[in-house]
Amino acid sequence: MAACAVAPYRPSGSITQLVGYVVTRDGTEADEAACRETLAAGLPAHLVPARILTLPALPLTPNGKLDRRALPAPAGGGPESASAPARTATEKRIAAIWADVLRIPEPGVDDSFFALGGDSFSALKVVRRIEPAPSLVEFYQYATIRRLAARLDARSETGPGDQRLLHRLTARDADVSTGGHTVVAVPYSGGSAVAYQPLADALPSNWALRAAELPGHDRSRPDEELEPIAVVSGRIVDEMRAIEGPVVLYGHCLGVALTVEVARRAEAAGVRLAGVALGAGFPTARLPGRFFDWLYRHVPVDRFTSDREYLAYLRARGGFTDLDDKEQEAFVLRNVRHDARDAEEYFTAAYRETYTPLKAPVLTVVGARDRVTEHYEERRREWGHFTDGDVGLAVLPRAGHFFLKSHSEPLAEALVGFVSGAEERSAPPPRTEVGSEVRGKAPETAPDLRKFALIAFGQLLSMMGSGLSTLVLSIWVLEQTGSLTSFAVVSAIGLLPGILVGPIAGTVADRWDRRKVMLASDSTAGLSMAVLVVLMQSDGLHLWHVYLVVSVTSVAGAFQRPAYLAAVAQLVPKRYLGHAAGIGQLGVGVGLVFSPMLGAALIGPIGIGGVLLVDMGTFAVGALTLLLVRIPNLMFRRREETFRTEIRNGWRYITRRPGMRAALRFFVIDHAFYTLGFAVITPMLLAEQSASVLGMALGAGGHSGHGESRIVRTKSPRSKPGT
C-alpha cells in the first residue's frame, strides 16, 4: 500500500457504512477480500470497512490535505469475495439465520454482520437461534460468517468452549515495553462485557482491555446460574494472573462492589495493580439495626418495585434501550436485581465487619449530568474506607449515567491520566477532569443516623399536627355555621395556598439552610395555632381567623416538606441515603394516614380546643428537635442562577414538555375533585356516623401515601443502580 483512507458512506435508504480507499504501489487492483480479512484480524468487527476501493491516488485539497468530499462512492453490490456464498454446513446455517433476521438476500461469508445493518438487537436474535450458541461476546469478536463458523466448528471438535470470564475486546494485548496497561473491566448491574467495546476502541494502541462476562448475564445462555461476588471475584483474579504488565481495574454502576473485591484479592495474589477506577457508583449499604436486618431477611422489599418501573428508571438514564421483548426484559431485570442485592450485601458487610482495605489508589469517575451520583464531591470520601491510597476524582463533562458509549474517549483519557500521573493531583478545581486526594476540609458536623432519627421523629409529629388542625377546624366550621360552602372553603385553603407556593418552597429548600426553613415553618405554624387557641378560649374566634390560620399552616407545610426531604441527604451517611430518603417519604405518608384518625379520636375526649393544643405541642417538638441537632452544612450543588431565574427556568422546563404538562393538569384536576369530594363526603359521614368513623375514612384515603414509601428507600428501586 502506498496510501489509504477511510470515510463513512450512507447509501440511499440504507445505513451508514465505513468505506476504505487504498492506493497500491504498482497501481494494480487490491484484493478487497484479503484486505478485509487482514483488517478483521486486528480490528473490532464494527471498524472493518464494508467496502475497500482501489484508487490511482487519494484526492487532496489545495493545501495538501485529504479531500474526503471527493472520495468516490462505491458502485455495485459489493466485492466478489464478500458476496461469496456459504459453503460448509455451519456457514449455510448461519447465513440462513442472518438473512432471516436482517431481511437481506444471502449474505457473503466475509461480510461483517454490523456492516450489513446488524445491531445489538439483531445480534441477540441471531445468537439465540444458532446451535451451538456462541456467547454474545464471541459473536462480536467473530462477526463474519466464515470466522464465526470456524469458531463453532473448532469448539465442536475440541468440546465445549472454555468458561473464561475475561474477554479481550482490543485487537491485541498491551505493549508493556511502551508503557501499555491492561484494563480489566467489570460491567454494570445486568450488563454485558460488550458494553466496553467503545472504551476498548478509545484506549491508546499500546493498551488492552479485557471485559468480564459475568456468569448468568449472557442472554444467549439464559439457563446459566448467577454467582455471588465472593465466587466471581475469585474466578476473575485467577484469570488475571496470566496478564502481563500492570492492570487497571474499572467497574461501572453497582459493578463497583465486585471491582473492589477483585482488587483486594488481586493485591493479595500478587497481581501488579496500577489503580482502581470506579465509575457512576458509590457504596450502598443497608440501614444498621436488628429491625432492618430482619426486614431484609424476611421481606422481599425489592419486589415492591415492578419490572416496568425499574426498567423505565434505567432507560430514563440511558441504559438497556436495546431490549425489545418481554423475555429479554425479564432476563435482564433478574440480573439487575441480583447484582443490586449482591452489591448491597457486600458493602453492608464491609462496613460492619473487619475489612482489609486496598493499597492501590482509587479514581472516582462520574458524569457531570448524572443524577445518580449527585453529592459526588462528598461521596467520594466513602472510598477512603476501602483503600489506604489516594482517592481521585474525574468528572466527565455533559455525561450522564451510562457514559461508557457516549463518553468513551474522555473516560479513556481519564484512565490514562490516572495511572500515568500526567495530571496534577493536588487541590483540583471543581469539575476538573482528574483530581486527587479529597478536596477541602471535612465538615465540622458529620452526618449521623441518630441525628436523622431525632429530626425525622420531630418532623413526623409536626406533619401529623398539620393534619390534625386542618381536620378539626373544618369540623368546627361545619358545626358552627352548618354551611357546606364555609366547610368547603376551609378544605380548599388547606390545600390551595400550599400548592401555589410549592415551586417557591422547592427553590427555597434548594438554596437556603434547610434547618432554618424547617424551624421557621414549625414556629410559624405553632404560633398561628397558639393565637387561634387564645381566640377560641376568649370566644373571640371568627370564621376569617380560621381561614387565615389554615392558610398559614398550609404555606408552612409547603416549605417544611421539601426542606425536610432535602435535608435527609445532609443528615445521613450517603451509603444509607436511599433507605433514609424512603423513611422520609414514609413519614409524609404516615402523617396522611394517622392524622385524621388521631384527630377524630381526640375530639370526643378533649374537644376541639384540646386537639389544637396537641397540635401546638407537635410543632413545639418539631422545633425543639431542630434546635438540638446541627445539620451538616453539605451543599452538594452549586446554584449559579438567581432565585427568580431558577423559578422561571423550572416553569419553562415543565411547559416545554408535553408529558410534564399532562401530569400537571392531572394533579390540578385531581386536587379539585378531591376537595369537591371531601366537601360532600365529610358532612354526610358526620350526619350519620361519629367523628372516629370519619377519621378512619380519611385515614384510608391517605393509606396510598404510606404504601408508596413503606419499602423504606428512595424513589428508585433498591437505591437504583449506582446510587
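The exercises below, each with a worked solution, concern a predicted model and treat its small sheet, its salt bridges and its cysteines.

**Exercise 1. The sheet**

Determine the order of the strands in the open sheet of three strands, and state which of them stand at the edges.

Solution. Begin with the pairing of strand β1 (residues 3-9) and β2, which run antiparallel and are joined by seven bridges. Two positions fix the register of this pair: Ala3 has Val23 as its bridge partner in β2, while Tyr9 stands opposite Gln17 of β2.

Next, take the other pairing of β2, which is made with strand β3 (residues 51-54) in the parallel sense over four bridges. Here Val19 has Arg51 as its bridge partner in β3.

Putting the two pairings together gives the order β1-β2-β3, and the pairing in this open sheet is mixed. Since β1 and β3 each have a single partner strand, they stand at the edges, and therefore one side of each is left without a neighbour in the sheet. Direction ignored, neighbouring strands of the sheet are turned against each other by 25 degrees on average.

As a last step, consider the covering of β2 (residues 17-23), a strand that is mostly covered, with six of its seven residues buried.

**Exercise 2. Salt bridges between helices**

For the pairs Asp100 with Arg129, Glu138 with Arg151 and Arg315 with Glu329, find which helices are linked, and decide whether each partner is buried or partly exposed.

Solution. Side chains of opposite charge can pair when their charged atoms come close. In the model the count of salt bridges comes to 15, and the three pairs are taken in turn.

In the pair of Asp100 and Arg129, the closest N and O atoms are 2.6 Å apart. Asp100 belongs to helix α2 (residues 89-102) and Arg129 to helix α3 (residues 120-129), so that the salt bridge links distant parts of the chain, 29 residues apart. Asp100 is partly exposed at 44% relative accessibility, and Arg129 is also partly exposed, at 43%.

For Glu138 and Arg151, the N to O distance is 2.9 Å. Because Glu138 lies in helix α4 (residues 136-141) and Arg151 in helix α5 (residues 145-158), the pair ties together parts that are 13 residues apart in sequence. Glu138 is buried, with 5% relative accessibility, whereas Arg151 is partly exposed, with a relative accessible area of 28%.

For Arg315 and Glu329, the closest N and O atoms are 3.7 Å apart. The pair links distant parts of the chain, with Arg315 in helix α10 (residues 307-316) and Glu329 in helix α11 (residues 326-352), 14 residues apart. Arg315 is partly exposed at 32%, while Glu329, at 15% relative accessibility, counts as buried.

Salt bridges can also join into a network, as they do for Arg168, Asp173 and Arg210.

**Exercise 3. The cysteines**

Explain why Cys4 is in no disulfide, and decide whether Cys4 and Cys253 are buried or exposed.

Solution. The count of disulfides in the model comes to zero. The nearest cysteine sulfur to that of Cys4 belongs to Cys35 and is 9.6 Å away. A disulfide requires the two cysteine sulfur atoms to be within 2.5 Å, and Cys4 is therefore in no disulfide.

For the accessibility, Cys4 has a relative accessible area of 59% and is exposed, whereas Cys253, with a relative accessible area of 0%, is buried.

Note on methods:
Residues numbered from 1 in each chain as written. Predicted model: local features only at pLDDT ≥ 70, side-chain atom pairs only at ≥ 80, totals over all residues. Heavy atoms only, no water. Buried < 20%, exposed > 50% of the residue type's maximum accessible area, 1.4 Å probe, protein only. Salt bridge = Lys/Arg side-chain N within 4 Å of Asp/Glu carboxyl O. Pairing = 2+ DSSP bridges. Axes fitted to C-alpha atoms, helices over the stretch in contact; angles between N-to-C directions.
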